[in-house]
Amino acid sequence: MRRRQPLKRNKLKKWLAAPYAVWAAGFIIIPLILILYYAFTGEEGGFTLSNFAYVATKENIKALGLALWLSLLSTALCLLLAYPLAMILANRNVNQTSFIVLIFILPMWMNFLLRTLAWQTLLEKNGVINSILAFFHLPGISIINTPGAIILGMVYNFLPFMVLPIYNVLIKIDRDVINAARDLGANSVQTFLKVTLPLTTPGIVSGITMVFIPALTTFVISDLLGGSKILLIGNVIEQEFKQTNNWNAGSALSTVLMIFIILSMVLMNKYDKDGEGTAF
């Protein structure tokens, strides 16, 4: 009887896992196979590497380089803003922290496109910010349709993804470890550099990955806040699929992006093996 119960439990687990397996196959595995298929085939369906030669064109390299630069810069800004904020939240009492964390989570519940459109309304030439500045007879700002506007949109949209993993790791640090470092003569800076910062590495790496990947692949932010004048690699891929209808070239570009995504995931798994920075 005891042997039959584990067997029944294993069968039950398999049946319960079946819907997730179907979902993974339908929305993850099959799309990836299709992307790889189109990337390595030509218009007639034969094997070719010419699609990757198109990736190496001057325009695409420029779009990829600009996307890498803006995503790295926005990730660095998110980290600089998120780490002090996460430390402040971790040092507050539970009720205050819950309310403040809720404020940061609320924008994530709103549609991504609406959030970006709101910033477009704020930053455009006759937008809300310039109207307020004009009311006070102050000079207006001309940030819309510039890389600065794209970075601002990235930081605003992806900042919560940096705050939450770092905060999640900070609240798990045993306060006795911090107190022990201070009892041994370490000042605040030394305690931070030698105790707090190393212990929060999983959250930092997880946050960097969660911000860098969507920032690198975005096309909505650059399209709306860049006025379609600044093309990132995400915009090029969108054009290949929607405008030129060249799925082969678009899939090849997507495959190149997947390489960066895989490298980011490998980095996250190396420094956050237990998933401490991903659970919240």
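**Exercise 1. The start of α9**

Which backbone nitrogen does a side-chain oxygen of Asn187 reach at the start of α9? Work that out, then describe the helix that follows.

*Solution.* One thing to keep in mind throughout: you're looking at a predicted model.

- Step 1. Go to the start of α9 and find Asn187: one of its side-chain oxygens comes to within 3.2 Å of the backbone nitrogen of Val189.
- Step 2. Now walk along the helix. α9 covers residues 188-199, which makes 12 residues, and the distance from first C-alpha to last is 15 Å, close to the 16 Å expected at 1.5 Å a residue.
- Step 3. Pick out the buried residues of α9: Thr191, Val195 and Thr196. Looking down the axis of α9, you'll see these buried residues fall within an arc of 85°, so they line one face of the helix.
- Step 4. Flip to the other side of α9, where Val189 and Lys194 are exposed.
- Step 5. Check the cover over the buried residues of α9: it includes α3 (58-90), α7 and α8 (175-183).

**Exercise 2. Another helix, the same routine**

Repeat the analysis for α5: which of its residues are buried, and where do they sit around the axis?

*Solution.*

- Step 1. Begin with the span. α5 runs over residues 112-123, has 12 residues and reaches 17 Å from its first C-alpha to its last, close to the expected 16 Å.
- Step 2. List the buried residues of α5: Arg115, Thr116, Trp119 and Leu123. Down the axis of α5, they fall within an arc of 95°, so they line one face of the helix.
- Step 3. Look at the start of α5, where a side-chain oxygen of Asn111 gets to within 2.8 Å of the backbone nitrogen of Leu113.
- Step 4. Two of those buried residues have a partner in α7. Leu152, found in helix α7, is in contact with Trp119 and Leu123, leaving aside its neighbours within four places in sequence.
- Step 5. Is Leu152 buried, exposed or in between? Its relative accessible area is 29%, so it counts as partly exposed. In sequence it is 69 residues from Ile221, yet the two are 9.5 Å apart in space, C-alpha to C-alpha.

**Exercise 3. From Ser222 into the core**

Start at Ser222 and trace its surroundings into the largest nonpolar core.

*Solution.*

- Step 1. Place the residue: Ser222 is part of helix α11, residues 220-225.
- Step 2. Check its exposure. Buried means under 20% relative accessible area, and Ser222, at 0%, is therefore buried.
- Step 3. Look for a polar partner for its side chain: a polar atom there lies 3.2 Å from the backbone oxygen of Phe219.
- Step 4. Collect the contacts beyond four places in sequence: Ser222 touches Ile150, Gly227, Ser228, Ile230, Leu232 and Asn235.
- Step 5. Follow Ile150. With residues up to four places away left out, Ile150 touches Leu70, Ile221, Ser222, Leu225, Gly226, Ile230 and Leu232.
- Step 6. Put that in the core. The largest nonpolar core has 50 residues, and Ile150, Met154, Ile166, Leu232 and Ile233 touch the most other members. Helix α7 (residues 147-170) gives the most to this core, with 13 residues.
- Step 7. Finish at α12 (residues 233-242), which is mostly covered, with 7 of its 10 residues buried. Those are Ile233, Gly234, Asn235, Val236, Ile237, Glu238 and Glu240, and one of them, Asn235, is among the contacts of Ser222.

**Exercise 4. Positive phi in a loop**

Find where His137 and Asn145 lie and compare their exposure.

*Solution.*

- Step 1. His137 sits in the loop between α6 (128-135) and α7, and Asn145 lies in the loop between α6 and α7 too.
- Step 2. Read off phi: near 60° for His137 and about 65° for Asn145. Both values are positive, though neither residue is a glycine.
- Step 3. Sort them by accessibility. His137, at 73%, counts as exposed, whereas Asn145, at 29%, counts as partly exposed.

**Exercise 5. The whole chain**

How many helices and strands does the protein chain have, and what percentage of its residues count as buried?

*Solution.*

- Step 1. Count the elements: 13 helices and 0 strands.
- Step 2. Of the 280 residues, 36% count as buried.
- Step 3. Turn to contacts between residues at least 6 apart in sequence: 71% of them join residues at least 24 apart.
- Step 4. Add the surface: the accessible area comes to about 17,400 Å², and 68% of it belongs to carbon and sulfur atoms.

Definitions and conventions: Residues numbered from 1 in each chain as written. Predicted model: local features only at pLDDT ≥ 70, side-chain atom pairs only at ≥ 80, totals over all residues. Heavy atoms only, no water. Helix = DSSP H or I, 4+ residues; strand = E, 2+ residues; numbered from the N terminus. Buried < 20%, exposed > 50% of the residue type's maximum accessible area, 1.4 Å probe, protein only. Polar contact = N/O pair within 3.5 Å; in protein donor to acceptor, adjacent residues only side chain to side chain. Contact = heavy atoms within 4.5 Å. Core = buried A, V, L, I, M, F, W, Y, C linked by side-chain atoms within 4.5 Å. Expected span 1.5 Å × (residues − 1). Arc of directions from axis to C-beta. Areas by Shrake-Rupley, 256 points an atom, 1.4 Å probe, with all protein chains shown as cover.
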